[in-house]
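Trainee: Got a minute to go through a model with me? I'd like to start with the pockets and then look at the sheet.

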Amino acid sequence: MTVVVVGPQSLDELQGWITSRFGKISFKELENPEGEVETLIKCAAQDMPAFVHGKQVPKYTPAFSSKLQNQQWPVLVTIKPLRSMRKSTLNFPMPPTRHMLRRSPTHLISHLLGHEGSGSSFSLLQTAGLLSSLSAGCRIIAPDQTVFQLNLGLTEQGEKEWKMVVALLLEHCRLISEEKDLQRHWDESRILSEIQFNNSSPKQAYSFAPTLAQLVVSRGTKLSLSADGLMEKKIPIIDDVVSCLTPENCFIERCSEGAWNNMEAAKHFASGFGKKTEKWYNIDYYLSVVD
């Protein structure tokens, strides 16, 4: 357990409050869960690998894998939206990066794929009238796995040509894997992060305390605040990350009325694919193979 208390009092006074109120709390495992929810919580607690800063990194155990669909990736997950939107997401499972604090390979990849300047993928697709927004970053940063994503806001024309949009972004991923000198890109990303860190405003205590409690566990006290902002000058090793940015290691999400209607009109699906219902949230979705 980690406790973080934020307040205007002195450190000695805050420490006294914490010690007297939390010092005697002991860990109690839920031995006999009574309901479905309690059982889920216990299973999740046992399944989640423990990871504390400075300890050995857990073995890579991806929750998403092409083995689940008999190596038929890329696959497409189609969801019906509750409001008007045209959204697509490219997801790439990869080994854990949570421990790579000041030399994060996903930090560099996010900078390259999410770049919006002249000559970027976003600039090209926006000029063509296909994209309205693009963001890149980690969707899941767990002790034993990472899921990197490209989040796309499509225009009406982009919705019709979504496969071309996806193909172009995957080609961008391939070009990154072939680039031999990325040091200048890392320097640019590092300097921008440092400027943002040095000019950040104080956060509200209500949201700052719980966030910091998690960061202390995963980063340690020394780097809990600065790991995302103050990067090392030496470029990270990105080979393991870039090798995951391939069609064979990608599952795509589409969320739009048009995408849902296309799936509803489809008559044939490969074995193991088709319309399904999510177990816990009871949400319908389609799982299909991408041609």
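Mentor: What follows covers the pockets, one helix pair, the sheet and two backbone details.

Mentor: Residues are numbered from 1 along each chain as its sequence is written, and side-chain values use heavy atoms, with hydrogens and water left out. This is a predicted model, where local features need pLDDT of at least 70, side-chain atom pairs count only at pLDDT 80 or more, and totals for chains, interfaces and linings use all residues.

Trainee: What space lies in the largest pocket?

Mentor: About 1100 Å³. A pocket here is an open set of points on a 1 Å grid over the protein atoms alone, where a 1.4 Å probe fits, with protein on both sides within 12 Å along at least five of seven lines. The volume is the space filled by probe spheres set on the points, which are joined across faces, edges and corners.

Trainee: Which residues are closest to its centre?

Mentor: Leu 215, Arg 219, Leu 225, Ala 227 and Asp 228, out of 33 that line the largest pocket. Lining residues have an atom within 4 Å of a point.

Trainee: Which element gives the largest share of that lining?

Mentor: H8, with 8 residues. Helix H3 (105-113), strand S3 (131-142), helix H7 (183-198) and helix H8 (205-219) are the elements that give two or more. Helices (H or I, at least four residues) and strands (E, at least two) are DSSP runs, numbered from the N terminus.

Trainee: How does the lining of the largest pocket divide by class?

Mentor: Into 13 nonpolar, 16 polar and 4 charged residues. Ala, Val, Leu, Ile, Met, Phe, Trp, Tyr, Cys and Pro count as nonpolar, Asp, Glu, Lys and Arg as charged, and the others, Gly among them, as polar.

Trainee: And what is the volume of the second largest pocket?

Mentor: About 790 Å³. It is lined by 23 residues, and Phe 64, Val 77, Phe 251, Glu 278 and Tyr 285 lie nearest its centre. That lining has 16 nonpolar, 3 polar and 4 charged residues. Strand S1 (75-79), S3, strand S5 (251-256) and strand S7 (284-289) each supply at least two of them.

Trainee: Back to the helices. At what angle do H3 and H7 pack?

Mentor: About 95 degrees, with their axes 10 Å apart. Axes are lines fitted to C-alpha atoms, for helices over the stretch in contact, and angles run from 0 to 180 degrees between N-to-C directions. H3 and H7 are therefore roughly perpendicular, a label for angles of 65 to 115 degrees.

Trainee: How is the sheet ordered?

Mentor: It is an open sheet of 7 strands in the order S3-S4-S2-S5-S1-S7-S6, with mixed pairing. Two strands pair if DSSP finds at least two bridges between them. The edge strands, S3 and strand S6 (274-277), each pair on one side only.

Trainee: S1 and S5: how many bridges?

Mentor: There are 5 bridges, and the two strands run parallel. Leu 76 stands opposite Ile 252 in S5.

Trainee: And S3 with strand S4 (residues 145-154), parallel or antiparallel?

Mentor: Antiparallel, over 10 bridges. A hairpin joins S3 to S4 through 2 residues, and Leu 131 has Leu 154 of S4 as its bridge partner.

Trainee: Last topic, the backbone. Which residues does the cis peptide bond join?

Mentor: Trp 73 and Pro 74, with omega about 5 degrees. Pro 74 lies in the loop between helix H2 (36-47) and S1. Asn 70 lies in the loop between H2 and S1, and has a positive phi of about 55 degrees although it is not a glycine.

Notes. Angles under 35 degrees count as roughly parallel, over 145 as roughly antiparallel, 65 to 115 as roughly perpendicular and the rest as oblique.
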